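This report describes the fold, the solvent exposure and the charged side-chain contacts of one protein chain. The sequence and the structure are shown first, and the description follows.

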Amino acid sequence: QLQRRVALAEQERDTIKRKANEFVTAKKAEWARQQEELRAQLAARDARIAELEARLAQAEALIGPVGAPEPEQHPQHPQHP
């Protein structure tokens, strides 16, 4: 009787260990997929930022720095002959 209970307890222990290992393996795979997705999102975001910065630099080269005050416009006074 006692040997049977020990054998059942060992079998239950082995089942729990197996299920725990399966759970950990599945979670590690899930986390790895999530990590790759986040890295891909960050790479796409960084590429978009670089693209926008390049476009801003082009615009600034053509029209001057964005956000810089514009030169003062003095009204032209007609000249009298």
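Is E30 buried or exposed, and what is its relative accessibility? The residue falls in between: E30 counts as partly exposed, at 27% relative accessibility. The coordinates belong to a predicted model, and every value below is computed from that model.

**Overall architecture**

The chain contains 1 helix and 0 strands. Helix α1 covers residues 2–63. Its 62 residues should span 92 Å at 1.5 Å a residue, and the end C-alpha atoms lie 90 Å apart, so the expected and modelled spans agree. After α1 comes G64, which has a positive phi near 100°.

Of the 81 residues in the chain, buried residues make up 0%. The area exposed by the chain is about 8200 Å², and 57% of that area is supplied by carbon and sulfur atoms.

**Salt bridges along the helix**

Side chains of opposite charge can pair when their charged atoms come close. The structure holds 7 salt bridges. Three of the pairs are listed here with their N to O distances.

| Pair | N to O distance | Separation in sequence |
|---|---|---|
| R18 and E22 | 3.2 Å | 4 residues |
| K27 and E30 | 3.3 Å | 3 residues |
| R39 and E36 | 3.7 Å | 3 residues |

The spacing of these pairs can be read against helix geometry. An α-helix has 3.6 residues a turn, so residues three or four places apart point the same way. R18 and E22 both lie in α1, about one turn of the helix apart. K27 and E30 are likewise separated by about one helical turn, because they stand 3 residues apart in α1. R39 and E36 also sit in α1, with about one turn between them.

Salt bridges also join R48, E51 and R55 into a network.

**Exposure of the paired residues**

The accessibility of each partner completes the description of these contacts. In the first pair of the table, R18 has a relative accessible area of 43% and is partly exposed, and its partner E22 is partly exposed as well, at 45%. For the salt bridge between K27 and E30, the relative accessibility of K27 is 25%, which places K27 in the partly exposed class; the value for E30, as stated above, is 27%. The class begins where burial ends, and buried means under 20% relative accessible area; at 25%, K27 is therefore counted as partly exposed. In the remaining pair, R39 counts as partly exposed at 49% relative accessibility, and E36 counts as partly exposed at 48%.

Methods:
Residues numbered from 1 in each chain as written. Predicted model: local features only at pLDDT ≥ 70, side-chain atom pairs only at ≥ 80, totals over all residues. Heavy atoms only, no water. Helix = DSSP H or I, 4+ residues; strand = E, 2+ residues; numbered from the N terminus. Buried < 20%, exposed > 50% of the residue type's maximum accessible area, 1.4 Å probe, protein only. Areas by Shrake-Rupley, 256 points an atom, 1.4 Å probe, with all protein chains shown as cover. Salt bridge = Lys/Arg side-chain N within 4 Å of Asp/Glu carboxyl O. Expected span 1.5 Å × (residues − 1).
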